[in-house]
Amino acid sequence: VAYTDDDALPEPGWLRALVLAFESPSVAASAGLVIPSELDTPAQRLFENVYRGMGKGYDQRLLGGRNHRHALRPEHVGTGCNMAFRRSVLVELGGFDPALDVGTETGGGGDLDAFVRVMERGGVIAYRPDAVVRHRHRRTLPELRKQLYDNGSGYSAMLAAAYQRADGPQRRAIVRRYCSWIVRWQ
């Protein structure tokens, strides 16, 4: 099951590249490269150059599995406008958490939460930079502020959900992750 957003435009070959990741039976999900569709305004350039946009690089890689290092850093995996999951994995996860989506008080985080839950179960996520989506970044500074606020709120909500699922040692790791994120972004 593949996902993109209404403000994103997949490049030719996008779906094929996402699906190729599933040739390996160990891959539970895949994500691809998100690049800006335009950099015409100061807000768009600020998002891309200062806030690092949505791109995750040009190196193909596998995340998760026995290496849980990325489980608390799903922002390194991908984003909701360019991702795919095995249907069976989504069923096993119980789908996306409806409390963590755009339009809710959290402002988002459902995509990252799904990546975290895949990795918590030992699943592998393949990053495919050849699965390209062009995203229309917010054009004005007020729109960008709102997006960044929602991104932070969604990220916080995703970590809170992970905290609720976790045990003692993992909970401490989540609190450390949250504190380091707050310090970095504030």
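## A tour from Val132 to helix H2

Select Val132 in this predicted model, and then, setting aside the neighbours within four places in sequence, pick out the residues that Val132 is in contact with, namely Pro10, Glu11, Trp14, Leu33, Ile35 and Asn82. Val132 itself belongs to strand E6, which covers residues 124–135. Because its relative accessible area is 17%, and buried means under 20%, Val132 counts as buried.

Keep Val132 selected and add Ala173, which is 41 residues away along the chain; if you draw a line between the two C-alpha atoms, the separation is 33 Å.

Next, move to helix H2, made up of residues 42–49, and select Ala43, Gln44 and Phe47, which are buried. Looking down the axis of H2, you will find that these buried residues fall within an arc of 100°, so they line one face of the helix. To see part of what covers them, show helix H5, residues 141–165, which is included in that cover. Then turn to the face of H2 that points away from the buried side, where the exposed residues Pro42 and Asn49 are carried.

For the last stop, select Val50, which sits in the loop between H2 and strand E4, residues 61–64. Is Val50 buried or exposed? Its relative accessibility is 54%, and because exposed means over 50%, Val50 counts as exposed. Add Leu46 and Leu141 to the selection, and you have the nonpolar patch that these two residues form on the surface together with Val50, with about 230 Å² of accessible area together.

Key: Residues numbered from 1 in each chain as written. Predicted model: local features only at pLDDT ≥ 70, side-chain atom pairs only at ≥ 80, totals over all residues. Heavy atoms only, no water. Buried < 20%, exposed > 50% of the residue type's maximum accessible area, 1.4 Å probe, protein only. Helix = DSSP H or I, 4+ residues; strand = E, 2+ residues; numbered from the N terminus. Arc of directions from axis to C-beta. Contact = heavy atoms within 4.5 Å. Patch = residues over 30% accessible without salt bridge, like charges linked within 9 Å, V, L, I, M, F, W, Y side chains within 5 Å. Areas by Shrake-Rupley, 256 points an atom, 1.4 Å probe, with all protein chains shown as cover. Salt bridge = Lys/Arg side-chain N within 4 Å of Asp/Glu carboxyl O.
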